Amino acid sequence: MTGDIAAGGPLPAAARQWLARRRQDAGLRPYVVYIAAALIFGLFAVILRDDGFLTASNLLNIGRQAAPIAVMAVGMTFALASAEIDLSVGSVTALSSLVAAEMVGDYGFAAGAAAALAVGAVIGLVNGVITVKVRIPSFLVTLGMLGIVSGIARNMNNLQSLPIRNDAFLAVFGAGSLGPVSSLLIWTVVVGLAGHLVLHQLRWGRHVLSVGADRSAAAALGINTARIRITALMTSAAAASFAGVLLAGRLAIGRHDLGENLLLTVIAAVVIGGTNLFGGRASVAGAVVGSVVMAMLNNGLILMGLRVADQLIARGVIIILAVALSMREQKEA
Amino acid sequence: MTSAATADRAALEVSGLSKSFKAVQALDDVAMDLRYGRVTALLGDNGAGKSTLVKCISGVYSPDSGVMRINGAERSVPSPEVARSLGIETVHQTLAVIDPLDVVENLFLNREHTRGGRIGAWLGVLDKKRMRSESREILGRLDIRIPSLRRSMSALSGGQRQAVAIGRAAAWGQQIVLLDEPAAALGVEQAARVLDLIRSLRDAGVAVLLITHNMDRVTEVCDRAVVLRQGRKIADVDVGSVTKDDLVAYITGARTGDLE
């Protein structure tokens, strides 16, 4: 044993070490999203205090808006961590809401959710296999898949919504609550926690990060990079499907466009949360908080009375600014 | 010669190894062997085929033709994973360390210990405590000094990164360790440490292949020298029987044809 290897010393020394390590390894980058969340919350609390931003029902509303974004963001975190990207997630969310709505009537709430998740996993598998075996960048494969899945969703019920009348499904995945806590919030926490543990405590999570950081190095160490990239894309698509289940549960319908426009919001949430857009650095907790930031922005813009067209413009500008800011941080770190 | 004759058994024998990339013949009918307890230098100018040979042996490339024997048994090495399972560890020029992971994670990458019994093993639940303590032991045994095991690789110096890569190969390479320029870009003291590491591997009976451009290192630690030129083996000699100038002459092509 060498003397240079730092053992766990007394607390102040340990704390100093921790800080030094943070500075050296990643800077304060991982904490930017928390600061941003606090600042935006504070800003809206002041300028929108007469518009009901701080009311319990509005805060609850933000939470409900954030839930599907956060679930998708956790999945996207793994895709980005592996240096892939999944642009098909919004369409997968929409198709999954329809599949869940279709299945739940005949086979019960669990089958509805399971079928939706299976649809996502299969789409992710196809994305992954084409990306890896045909050697097409995943952004192109999943962009094509976005079109295909959107088309299928539109064909499925002729652009009509499918109502969901299964009370168990609506309670578990949408309007229900455990005591005072909304089931959407519970699912968000469950998915976030699971994602965090998978990323940090499971071999697969570390391998995803390794493949994203340096694919040829990971391959040289015997990691099956094809399997890792395929399963990472399956994870993002399955998470998008689960977001579709939650949207269907909240709105009591399946529809061809549910969550379809969330793609950019999700990517912004993940990147603001500290995940590198090009692989090798990932934070699940950051992605969840980033989703709350995006939901707050959305909510704030609506409360400010912006028209839909102006909301679109404002959101686009904010996303580009936020991502640009966090990418600059990442390059410096 | 440095170790007992009993150790002088072939760990790895390759023959007729050829590999081409489109029009370029990177390796042309190369034969060589690595012996237990011996250090073999692999020499040659840039582009002579040294790294290609190492990558064929370590399963990164699959050769177009040729036979590879490990402990006398014919084997194919279709992937790095197979190479590692056969006891062949490699330190590539690029080191193959993963920047965002910490030192322990790099040492154990794709060799992780899991906890939680069969379910834990199936899920891949990492036993971080055990890996940390074994890492301390591995690095301590090799006298590799790293300020903190929890430091991510990107925060380490070039020498420390190299030390971790070599430590990983030494820790897992039970039989054969291939080192592609392990001391390039190192300071004097760190380079000396690498040589010490190579000696301790040799003394433990490991068959070592060392790619280097530094003739001093060849004469210091190597027993044999194999020289490649334009993909062909042009010399395979006892280091004790030649001078540094001879080796340089082989490398530059001024002298050819000493195949024992």
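Gln230(B) sits in the loop that links strand E9 (224–229) to strand E10 (232–238) of chain B. The model described here is a predicted one. The phi angle of Gln230(B) is near 50°, a positive value in a residue other than glycine. Gln230(B) counts as partly exposed, because 16 other C-beta atoms lie within 10 Å, and a residue needs 20 or more to be called buried.

Leu95(B) offers another case of a positive phi in a residue other than glycine, this time near 75°. Leu95(B) is also found in a loop, the one between strand E6 (88–91) and helix H3 (103–107) of chain B. Here the surroundings are buried ones: Leu95(B) has 22 other C-beta atoms within 10 Å, so it is classed as buried.

Next comes helix H1 of chain B. Thr52(B) belongs to this helix, which covers residues 50–57. With 23 other C-beta atoms within 10 Å, Thr52(B) is buried. Its helix mates follow suit: Lys50(B), Ser51(B), Leu53(B), Val54(B), Lys55(B), Cys56(B) and Ile57(B) are buried too. That is 8 of the 8 residues of H1(B), so the helix is largely enclosed by the rest of the structure. After H1(B) comes Gly59(B), with a positive phi near 85°.

What does Thr52(B) touch once its neighbours within four places in sequence are left aside? The contacts are with Lys19(B), Ala26(B), Leu27(B) and Tyr61(B). As for Pro63(B), it is 11 residues away from Thr52(B) in sequence, and the two C-alpha atoms are 9.2 Å apart in space.

Zooming out, chain B is split into domain 1 (5–87 + 174–259) and domain 2 (101–172). The C-alpha centres of these two domains of chain B lie 27 Å apart. Where they meet, 10 residues of domain 1 of chain B are in contact with 8 residues of domain 2 of chain B. On the domain 1 side, helix H7 (residues 188–203) of chain B gives the most, with 4 residues. By class, that side of domain 1 of chain B has 7 nonpolar residues, 2 polar and 1 charged.

Chain B also meets chain A. In this interface, 36 residues of chain B are in contact with 27 residues of chain A. On the chain B side, the elements that give two or more residues are helix H2 (80–85) and helix H5 (128–141). The side of chain B that touches chain A is made up of 16 nonpolar, 10 polar and 10 charged residues.

Over in chain A, the story is about how helices pack. Helix H3 (residues 56–81) and helix H11 (residues 225–251) of chain A have axes 7 Å apart and an angle of about 175° between them. H3(A) is therefore roughly antiparallel to H11(A). Residues of H3(A) in this contact include Arg64(A), Ala67(A), Pro68(A), Val71(A) and Phe78(A), and among their counterparts in H11(A) are Leu233(A), Phe242(A), Leu246(A) and Arg250(A). The contact of H3(A) with H11(A) divides into 18 nonpolar, 3 polar and 2 charged residues.

H11(A) has another partner in helix H4 (residues 89–107) of chain A: their axes come within 7 Å and cross at roughly 50°. That angle makes H4(A) oblique to H11(A), and the crossing is right-handed. H4(A) brings residues including Val89(A), Val92(A), Ser96(A) and Ala100(A), while H11(A) brings, among others, Ser236(A), Ala240(A), Gly244(A) and Leu247(A). This contact of H4(A) with H11(A) holds 11 nonpolar residues, 6 polar and no charged.

H3(A), for its part, also packs against helix H13 (residues 284–303) of chain A, at an angle of about 140° and with the axes 7 Å apart. Is H3(A) oblique or roughly antiparallel to H13(A)? An angle has to be over 145 degrees to count as roughly antiparallel, so H3(A) is oblique to H13(A). H3(A) passes H13(A) in a right-handed crossing. Among the residues in contact are Asn58(A), Ile62(A), Ile69(A) and Thr77(A) of H3(A), and Val284(A), Val288(A), Met294(A) and Asn299(A) of H13(A). The residues of the contact of H3(A) with H13(A) come out as 13 nonpolar, 8 polar and no charged.

Conventions:
Residues numbered from 1 in each chain as written. Chains lettered and ligands numbered in written order. Predicted model: local features only at pLDDT ≥ 70, side-chain atom pairs only at ≥ 80, totals over all residues. Buried ≥ 20, exposed ≤ 12 C-beta atoms within 10 Å, placed from the backbone. Contact = placed C-beta atoms within 7 Å. Nonpolar A, V, L, I, M, F, W, Y, C, P; charged D, E, K, R; others polar. Axes fitted to C-alpha atoms, helices over the stretch in contact; angles between N-to-C directions. Parallel < 35°, antiparallel > 145°, perpendicular 65-115°, else oblique. Left-handed = near helix turned anticlockwise from the far one by under 90°. Domains from an automatic or database assignment.
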